[in-house]
Amino acid sequence: MPEPVPEGKPAVDAPAEDGADSETDGDEPQSTELTGLFVEKPPNSVVAVAGTDVTFIAKVDSTSLTRKPTMKWLKGKWLDLGSKAGKHLQFKETYDRNTKVCIYTYEMKIIKVVPGDAGGYRCEVTSKDKCDSSTFEISVEGDDAGEDEGDLDFSALLKKPEKEEPEIDVWELLKSAHPSEYEKIAFKYGITDLRGMLKRLKKMKAEPIVHSEAFLKKLESCYSVDKGKKITLRCEVVDPNVQVKWLKNGQEIKPSAKYIMEASGNVRTLTINKATLADDAAYECVVGEDKSFTEVFVKEPPVTITKLMDDYHVVVGDRVEFEIEVSEEGAHVMFFEDQEIHKDKDSKYRFKKDGKKHTLIIQEATLDDIGMYHAWTNGGHTKGELEVEEKELEVLQDIADLTVRATDQAMFKCEVSDDKVTGKWYKDGVEVLPSERIKMTHIGRFHRLIIDNVKPEDAGDYTFVPDGYALSLSAKLNFLEIKIDYVPRQEPPKIHLDTTGNMVSQNTIIVVAGNKLRLDVEITGEPAPTVVWSKGDKVSPSGPFMPFWFAQVPPANTRFSSCATCNTEGRVRVEARKDLSCFVIEGAERDDEGNYSITVTNPAGEDKAVLFLKIVDVPDPPENIKCTGVGEDCASIVWDPPKFDGGAPVKGYLMERKKKGSSRWTKLNFDVYESTTYEAKRMIEGVLYEMRVFAVNSIGMSQPSLSSKPFMPIAPTSEPTRLTVHDVTDSTCSLKWLAPEKIGAGGLDGYVIEYCKEGDTEWVVANQELCERQGYVVRGLPVGEKINFRVVAVNMAGRSPPALMSQPVTIREIVEHPKIRLPRDLRTKYIRRVGEKINLTIPFQGKPRPIATWFKDGKPLDEKIVNVRNSNVDSILFIRSAEREHSGTYELVLKIENMEDRASINIRIVDKPGPPLNVRATDIWGFNAALEWEPPKDDGNCDISGYTIQKADMKTKEWFTVYEHNRRTNCTVSDLVMGNEYMFRVYSENLCGLSEEPRMSKNTAVIAKTGVTPYKEKDMCCSPKFTQPLVDRSVVAGYSTAISCAVKGFPKPKIVWMKNKMIIGEDPKYLMQNNQGVLTLNIRKPSTFDGGKYSCMAVNELGKDEVECTLNVRVPQPLQELLWYLWETTTV
């Protein structure tokens, strides 16, 4: 095997390169030493030309292995090239099943070598407990050929030189690129060692270390992790007590089961569990104003199919194993036929996983399992076809020749492999029928023909032909007759023809082409007569027959004598025996058919007999195979019978088909099909097929016919559904229908609408072009006629069956009384607010089209103010922005000639009311004040539902609500503070809400001091202090909870809630409340991730205070298992 060299160079250059390599390697031999499992290894060193292809071959001997070997191609120490298979790298595995030597051949082909392909490679083969490997080097040179590198190509020098593109420095390109573009650039320029690329790039990008005040050691510039693995980002900070933030793409990361943040002394780590593609991002560690950046790359190698699925051709009952091999263990593989195959749905399917091998097993194949099977992974697809046919019939015991004496019993017996097979018995080509003397039995696999009281006419050739199989079993029955010869002195010659045996009728013999004919004719006469055989009935110059065989029957106890022209050798010959003349044809042919005569003469007289020899053969192939029609998954095939039936009637035909371009023919029937028209089924729509036919007679099966012209199964759609009449006028009819239920691969081009008068058979096409919509108006119809309609769907396969109306349609417009169908919500008062949109649709009916007119408060509606749009079935009233003046009673009048219908709608546009009038304090006593006011002038076009009263101290001027929804126009305000002066205001309220402005009271209420000594104001300022701490709690997951504490302090302190020392921001999960110093943190439906340390801090200008508690979230056992399963599935 020559060493692999680039395909662009001649093979003769390889030794020169190898020689150069051997100089540098010292005395190392160039030929690979065959050790271990390898029969052939790749060469130690190969020099490839950039831009050309290079192939490496390794062969493994699996004779001593218990399992199939597994091959890996590696670059460097760790990079598995199997995940890089694609346009640049191709892998192939072959196994020669025809040889007895178990040799596996593995190939790796590099397409268009680039400089990045240079380096060390290793191929490693493993099989259970055995392993072997081989290393080799690839060097890449430029594509400029030297003077000694093969013959010069002068034609290339005559071509116009192409403009050379400037060389691109990949490393300069990577230095200036964003880290997210690294993988794309590496793939484009053929760099497969990503880890080595990142290390080299890191050295090239090395910059002067800038001292960080917050970090002792920053994060690495980038990290790489496989999908599903764990990765830890680590840095060191100066202050061991400092808090850090972790950001992902600029967004803060919160602790969870996926993201685990840890602090140990000066070390800060972020652990990402089960990395997914969403974790491929930029990360930051933030300490104050100082930041440390890094990039995380998540690699997801696609699962490719390294060994494709094979096709299977089996018989019924065989075991079928569709086996594939993928690039990774534990990969998810889906098997499909017409739908995905599941083990629990059908017990006949089994799935087997063995490392990278995935197998779909069908225990016992049936004819229903015929079809195409598919296997899918996230990076590949393969398919295999399963063909199942009936078992071939095997002959376990053949029929034996019998020699029987008169009145004895003769029994022919045979045994076949299938006990359900029936058959027929023939004697000399004629079917044997049962009688009192002849019986036929079929018990299990045994077939018997029993002949009682054997007679001379029973002698002959017997044949058993199984039904449905091109197979026959033959044997001969010889009749043994005891004769007492009485020979007179002189006897005229006599021909004794045996009318039994091969003769199907008097003087007619049937012989199967290719078989041997031996006709023994008994001749008597004294002295021994001379025998002359001749063929044909033409008169020759020498006599009435054309003699061509001569033989003389020797008399008893005399020497054999014959003519000089006697033919005793060759394919057709005559043999002479005592009292017999034997006519023999070896391998009968069609030309042997004809009339034969035998003439015997001696001195005592002459005798003559004429025989007709009929040669039967397999028929000629059928002719003119063609496809007359196709369907969705079927096709109609017709053909002409064969010109020559072989001398026996054609029993039927066998059909085969194949896809165009394929060499595999598939049988369509196993039983003989008698007609010359066949409908082939179970075909794939849109695929080209070819057909051929075999003719079968009692002799056998003909040669296949010529293939038919390619045809494609494709079917018209089914008929359109739900054809109905939508409307009828004096000259038109509007039809509607739904699309066909079944359209198929041919699609749907449109519809043809046809009509005809009742009683007529001529259909008229209504549309000149295909109608693409599911509705059509047929115009120009005669008034008063009854018309039948039908709709046909059309696609590239032709017209579908028509959709017919159940009864004819009378073309006459029907007068229908106008009727307004007022919606239920419009039958009462319709209220809308100012500025809202009003869009009222009033459906109605009536024929012919009614005239709709709108009125407002008894006057015609001004369409400049209100928009009205009328159609055949409804009227729409539209107001873009409602105003108060749009209120009123709207009336719709519907008229058809002298008939009409009316409907009224009461529309009211409401607005907020105005403020009440004349608010005043009418009386003051004790700590109470009495207020009165008058209703507002503007009630907003609806009733006033109440009033809202508020009070305010003249010192603070803070307003407090005293009453809401007060229905009366007076109230009493109580609990006023002694010594304070109060003012009041009142809001009006209706359906739209409170009035925009309140009405202030005209006077104030002063609560006089009585018998109270003055006091000195006390300084209430103090730092925050929690009077009630937070309490540890344990709650059930999914149930909302709250934690509370109480704080005092003046000025009012600022409250900060924290979880695990992290400030809780505007998270909708949390609701923070402060009611007179009682602080509450509501947590909505907590989960296990919400457990932890919660703290509350109060801060004002005098100081701060903090309390904390522990929240434990319990999960019920079944719910905990469900959450764990959901978390696993979402993260994977």
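## A buried arginine in a salt bridge

At 19% relative accessibility, Arg-122 falls in the buried class, because buried means under 20% relative accessible area. Keep in mind that this is a predicted model. Arg-122 pairs up with Glu-124 in a salt bridge, with 3.6 Å between the closest N and O atoms. Glu-124 has a relative accessible area of 22%, so this partner counts as partly exposed. The pair therefore has a buried residue in Arg-122 and a partly exposed one in Glu-124.

## Other salt bridges

How many salt bridges does the structure hold? The count is 38. Another one of them joins the side chains of Arg-405 and Asp-408, at 3.6 Å from N to O. Here Arg-405 comes out as partly exposed at 48% relative accessibility, and Asp-408 is partly exposed too, at 30%.

Then there's Lys-476 with Asp-461, where the closest N and O atoms sit 3.7 Å apart. This pair ties together distant parts of the chain, 15 residues apart: Lys-476 belongs to strand 35 (residues 473-480), while Asp-461 belongs to strand 34 (residues 460-466). Lys-476 is partly exposed at 35% relative accessibility, and Asp-461 is partly exposed with a relative accessible area of 29%. Some salt bridges also share partners: Lys-516, Arg-518, Asp-520, Arg-573, Glu-575 and Glu-586 are joined that way into one network.

## Around Thr-359

Is Thr-359 buried or exposed? Its relative accessible area is 6%, so Thr-359 is buried. You'll find this threonine in strand 24, which covers residues 357-362.

What does Thr-359 touch, leaving aside residues up to four places away in sequence? Its contacts are Glu-321, Phe-322, Glu-323, Phe-335, Arg-350, Phe-351 and Lys-352. So a 6% relative accessible area goes along with a contact list that includes Phe-322, Phe-335 and Phe-351 as well as charged residues such as Glu-321 and Arg-350.

## Two cis peptide bonds

Now for the backbone. The bond running from Glu-526 to Pro-527 is a cis peptide bond, its omega near 0 degrees. Pro-527 sits in the loop that connects strand 39 (517-526) to strand 40 (530-535).

Further along, Lys-847 and Pro-848 are also joined by a cis peptide bond, this time with omega at about -5 degrees. Where is Pro-848? Look in the loop between strand 63 (838-847) and strand 64 (851-856).

## Positive phi outside glycine

Lys-274 has a phi near 50 degrees, which is a positive value in a residue other than glycine. This lysine is in the loop between strand 16 (267-272) and strand 17 (282-287). At 28% relative accessibility, Lys-274 is classed as partly exposed.

Asp-857 is a similar story: its phi is near 50 degrees, again positive in a residue that isn't glycine. The loop holding Asp-857 runs between strand 64 and strand 65 (859-860). Asp-857 has a relative accessible area of 49%, so it counts as partly exposed, since exposed means over 50%.

Terms used
Residues are numbered from 1 along each chain as its sequence is written. This is a predicted model: local features need pLDDT of at least 70, side-chain atom pairs count only at pLDDT 80 or more; totals for chains, interfaces and linings use all residues. Side-chain values use heavy atoms; hydrogens and water are left out. A salt bridge is a side-chain nitrogen of Lys or Arg within 4 Å of a carboxyl oxygen of Asp or Glu. Buried means under 20% relative accessible area, exposed over 50%, partly exposed in between (1.4 Å probe, protein chains only). Helices (H or I, at least four residues) and strands (E, at least two) are DSSP runs, numbered from the N terminus. Contact means heavy atoms within 4.5 Å.
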